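Please open the structure in a viewer and keep the sequence at hand. The tour below proceeds by selection, and each stop describes what is found there.

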Amino acid sequence: MSSGIVLDDVHVRLGDRDVLRGVDLRLTEHRIGLVGANGSGKSTLARLLNGLVLPTRGRVSVDGLDTARSGPAVRRRVGFVFTDPDAQILMPTVAEDVEYSLPRTLPRAERARRVAEALTTVGLAEHAEHPAHLLSGGQKQLLALTSVLVTEPRVVVADEPTTLLDLRNTREIAARLLALPQQLVLVSHDLDVVAGTDRVLVVDEGRVVADDEPGPALDHYRRLMS
Ligand SMILES: Nc1ncnc2c1ncn2[C@@H]1O[C@H](COP(=O)(O)OP(=O)(O)OP(=O)(O)O)[C@@H](O)[C@H]1O
């Protein structure tokens, strides 16, 4: 089975808009940043990677699995962190919320072990029994990340995960995401955060117009926006 994320001549049409127009990519680096103007197509590109959006034309595959044909298997490999953590919090307490992401078929002891490990990884262990809705915005985003990590995905896609956070929480979430052993695809308008990735894609009007190391790619983006 071929490894990595592959996009082959991908077009996405939503309503009467061509949102992505001919995207060819092979994503194998550990950490990949996606930048672009509002409405350029970044979220759509991110959502293609776990089959939340399907190509109108072309093909997306993850480790050889076609997102259009093998959606559930792709989503077990690719976890998704949304901008607003409240949209991802479903259960009353922190530990219950994390456990809710795990299959009911896993033995109870294994579920408890995985939840404890994931909460420790992100530094939330001491909040395990706290009401999830009382966490701060930054802690809620950590909880959303934990609920993704507990499923042991190979890839984490995060769509503007720091947009709603203050500077301190932005730094904390960014540091946690960039330190993950999993492959990371990070959509962000925060160029300081994106500078910590290994490869940056600049999206403009539905196309990838720059694809380089962070320094030159972000220079390209700044020129594009000036
Ligand atoms: N379901 C839809 N139907 C029609 N148009 C859509 C739909 N979803 C998104 N779009 C349009 O597609 C374009 C790209 O949207 P997308 O959310 O991918 O952009 P983005 O680069 O992530 O923007 P932002 O930085 O503002 O989040 C936008 O113009 C948006 O209005």
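Begin by selecting helix α4 (residues 108-122) together with α5; the two pack at an angle of about 135°, and their axes are 9 Å apart. At that angle, which lies outside the ranges for parallel, antiparallel and perpendicular pairs, α4 and α5 are therefore oblique to each other. Their crossing is right-handed. To display the contact itself, select A118, L119, T121 and V122 in α4, and then L142, L145, T146 and L149 in α5. Colouring this contact of α4 with α5 by residue class gives 6 nonpolar, 2 polar and no charged residues. Please note that the model is predicted.

**Second stop: α5 and α6**

Keep helix α5 (residues 137-149) selected and add helix α6 (residues 167-178). How closely do the axes of these two helices come, and at what angle do they cross? The axes come within 9 Å, and the crossing angle is roughly 15°. An angle under 35 degrees counts as roughly parallel, so α5 and α6 are roughly parallel to each other. In passing α6, α5 makes a right-handed crossing. On the α5 side, select G137, G138, Q141, L142 and L145; they meet N169, E172, I173 and R176 of α6. The residues of this contact of α5 with α6 divide into 3 nonpolar, 4 polar and 2 charged. L142 and L145 deserve a second look, since they appear in the contact of α5 with α6 and also in the contact of α4 with α5.

**Third stop: two backbone angles**

Most residues other than glycine have a negative phi. Now select D9, which is not a glycine and yet has a positive phi of about 50°. D9 is placed in strand β1 (residues 5-14). Is D9 buried or exposed? It counts as exposed, because it has 12 C-beta neighbours inside 10 Å.

Next, select E152, in the loop that runs between α5 and β7 (155-159). E152 likewise is not a glycine, and its phi is positive, at about 55°. Because E152 has 14 C-beta neighbours inside 10 Å, it counts as partly exposed.

**Fourth stop: V194**

Move to helix α7 (residues 191-194) and select V194. Here the count of C-beta neighbours inside 10 Å is 24, so V194 counts as buried; the cut-off for this class is 20 or more. Which residues does V194 touch, if those up to four places away in sequence are not counted? They are G33, V35, L186, S188, V200, P214 and L218. Draw a distance from the C-alpha of V194 to that of G33: these residues are 161 apart in sequence, while their C-alpha atoms are 5.5 Å apart in space.

**Final stop: the whole protein**

Finally, release the selection and view the entire protein. Its secondary structure comes to 8 helices and 10 strands. Along the principal axes, the C-alpha atoms fill a box of roughly 45 × 40 × 30 Å. The radius of gyration is 17 Å, which agrees with the value near 17 Å that a compact globule of 226 residues would have. Of the 226 residues, 41% are buried. Consider also the contacts between residues at least 6 apart in sequence: 64% of them join residues at least 24 apart.

Notes
Residues are numbered from 1 along each chain as its sequence is written. This is a predicted model: local features need pLDDT of at least 70, side-chain atom pairs count only at pLDDT 80 or more; totals for chains, interfaces and linings use all residues. Helices (H or I, at least four residues) and strands (E, at least two) are DSSP runs, numbered from the N terminus. The radius of gyration is taken over C-alpha atoms; the globule rule is 2.2 Å times the number of residues to the power 0.38. Two residues are in contact if their C-beta atoms, placed from the backbone, lie within 7 Å. Axes are lines fitted to C-alpha atoms, for helices over the stretch in contact, and angles run from 0 to 180 degrees between N-to-C directions. Angles under 35 degrees count as roughly parallel, over 145 as roughly antiparallel, 65 to 115 as roughly perpendicular and the rest as oblique. A crossing is left-handed if the near helix is turned anticlockwise from the far one by less than a right angle, and right-handed if clockwise. Ala, Val, Leu, Ile, Met, Phe, Trp, Tyr, Cys and Pro count as nonpolar, Asp, Glu, Lys and Arg as charged, and the others, Gly among them, as polar.
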